[in-house]
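Please look first at the sequence and the model shown here, and keep both in view while reading. The report that follows takes up a set of paired strands and then the surroundings of one DNA strand.

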Number of protein chains: 2
Amino acid sequence: MTTPKSVAGRLFTLLSVFSEQRPSANLSELSRSAGLALSTTHRLVNELVEWGALDRDDDGRYHVGLRLFELAALSPGSLGLRERALPFLEDLYEVTHQNVQLAVRDGLEAVYVERISAHNAVNVVTRIGSRLPVHASGVGLAMLAFAAPEVQELAVRSPMRRFTPKTITTPAALREVLARVRRDGYAISDGQIELITLSVAAPIRGEDDSVVAAVSIVVPQDVDVAGLVPAVRTAARGISRALGAPSAVRSPERGASD
Amino acid sequence: MTTPKSVAGRLFTLLSVFSEQRPSANLSELSRSAGLALSTTHRLVNELVEWGALDRDDDGRYHVGLRLFELAALSPGSLGLRERALPFLEDLYEVTHQNVQLAVRDGLEAVYVERISAHNAVNVVTRIGSRLPVHASGVGLAMLAFAAPEVQELAVRSPMRRFTPKTITTPAALREVLARVRRDGYAISDGQIELITLSVAAPIRGEDDSVVAAVSIVVPQDVDVAGLVPAVRTAARGISRALGAPSAVRSPERGASD
DNA sequence: GATGGCCTTCCGATGAGTGGAAAGTCCACT
DNA sequence: AGTGGACTTTCCACTCATCGGAAGGCCATC
């Protein structure tokens, strides 16, 4: 790791020390992980704490503070979307009793902004705030298939990390899957991240009808998904309508007249 | 507004320009609002964008980026808590069909981390990420009543902002309310923020049995809350149990033997 | 008492950061 | 088409915010 020269870069490096595996850290850990001198770390961390980006526990450890949560709530792709989508996610959960997820696209990654998990459902590797590459996740494929052509091309041309033997890793395979997603209107990702799970995802459209997010369910790999696809697509359509998507307002009859 | 000298302070000032009223801004707005020179703003904003704290739209406006959302998800008082609390919040919503809210305490403020709102329920002023003073909100009172004595004293001694004629503004009134909350195990905030609404809130305990959050419902002021208190307290107890609170695991019989 | 880990404070040297100025872009108006 | 204003981007001499080594303090362990 090369230590940034700029203060901004150093602040970001310190914030990036925190992760799911390390939700809290003491000053020396931060100093070592960020590659910054102890006193430098001390000063910068104190500024982060004063502002609320970090909080310090009674035991002297630091964790992410609520100030970032407040700011994050303003991000267009996160909590605002989640709030409007929540009723439909809950419906989908009630109908399927499987893990339900909502994600947005950030470059070539899907970022999970909501998850409703079932106690007895298959374990899901994602959690809120985590990311997976678009090529390997149901929601990622559902969003990528309708993204701008240059984004799709970039995805096709970029190296695709392999998680399991089933993960898509070739341009040809990805193109084919994207074409199928566009034709079908939903994506199936079978065993791409974990061999034991399968996800069904559908794109969610915003007020200009562009795809802005995706909703998915994650089920054990041996479940027949045919009966789940309509539910996922219904939820996606409902969320799209809540977001003001023109195409989600048209009734079937009007759609047929196009 | 006095412009901070430090880079960190300047970055925070720029981030603080964003609010619910201003979810996006262009470079000149940021420069004016932060009191920083245009070129300084330009440089700092570019660093924020590179890191993902801000994103830039096609129209050149900046909004909060997903990177903060990812970090925020690691905050102990936010999305992790929300996720465990969600089933109980949903139960409470199904039972009452009123606005349900989950909040944590940050100093003398309640920060709202979840909200399930009803279409036909009374309008609620809070949204996810927003804050209200503890003395004036149901959840705030529920958490303050069980906070460390020095926190309670600080609240009692601090100026209490008045929102309506019903808002608690005197130390004596606050002490009395806090004592009642401790005795009753729940808080009622009647018309303290808005005259037309009333909230019932109950404290949520974490794994060391300290109060770490609170859940509330918000109803029109003319609703009889007596029937709602048990539902709110049940939800709080359920969430406490999900968080591993020892006191929420005891059955009534064992409780009676203490 | 000695040691080690962690944290906090201090301060002279310096290079990261500043912001005014210039240039470029876009758009509405005349 | 020309103009003016708003907005954005780039440049660079100067300076002061930042740095990190050093010192000191605290606490737990041996």
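Two strands are said to pair if DSSP finds at least two bridges between them. By that rule, in this predicted model, β8(A) pairs in the antiparallel sense with strand β9 (residues 211-220) of chain A, and nine bridges link the two. One of the residues to look at is P203(A), whose bridge partner in β9(A) is A214(A). Five residues lie between the strands in the hairpin of β8(A) and β9(A), and D209(A) in this hairpin takes a positive phi near 70 degrees.

β8(A) also has a partnership with strand β7 (residues 187-190) of chain A, to which it is joined by four bridges, and these two strands run antiparallel. Here I188(A) has V200(A) of β8(A) as its bridge partner. The hairpin of β7(A) and β8(A) has six residues between the strands, and G191(A) takes a positive phi near 65 degrees there.

Is strand β8 (residues 197-205) of chain A largely enclosed or left open by the rest of the structure? Buried means under 20% relative accessible area. Eight of the nine residues of this strand are buried, and therefore the strand is largely enclosed by the rest of the structure.

**The annotated domain**

The UniProt record, an unreviewed entry, places the feature "domain: HTH iclR-type" at residues 5-66 of chain A. Over residues 5-66 of chain A, helix makes up 53% of the chain and strand 13%, while the end C-alpha atoms are 27 Å apart.

**Around DNA strand D**

There are 17 residues around DNA strand D, and those that come nearest are T40(A), R43(A), V7(B), S28(B) and L38(B). Of the atoms of DNA strand D that come within 4 Å of the protein, sugar and phosphate account for 72%. By class, the surface near DNA strand D has five nonpolar, seven polar and five charged residues.

The table gives distances between a side-chain N or O atom and a phosphate oxygen of this DNA strand.

| Residue | Distance to a phosphate oxygen of DNA strand D |
|---|---|
| R10(A) | 3.3 Å |
| T40(A) | 2.5 Å |
| H42(B) | 2.9 Å |

The elements that give two or more residues to the surface near DNA strand D come from both chains: α1 (7-16) and α3 (38-51) belong to chain A, and α2 (27-34) and α3 (38-51) belong to chain B.

How values were computed:
Residues are numbered from 1 along each chain as its sequence is written. Chains are lettered from A and ligands numbered from 1 in the order in which they are written. This is a predicted model: local features need pLDDT of at least 70, side-chain atom pairs count only at pLDDT 80 or more; totals for chains, interfaces and linings use all residues. Side-chain values use heavy atoms; hydrogens and water are left out. Buried means under 20% relative accessible area, exposed over 50%, partly exposed in between (1.4 Å probe, protein chains only). UniProt positions are given in the numbering used here, feature names are shortened, and annotations may be inferred rather than shown by experiment. A residue is near a molecule or strand if one of its heavy atoms lies within 4 Å of it. A polar contact is a pair of N or O atoms within 3.5 Å; within protein, one must be able to donate a hydrogen and the other to accept it, and residues adjacent in sequence count only if both atoms are side-chain atoms. Ala, Val, Leu, Ile, Met, Phe, Trp, Tyr, Cys and Pro count as nonpolar, Asp, Glu, Lys and Arg as charged, and the others, Gly among them, as polar.
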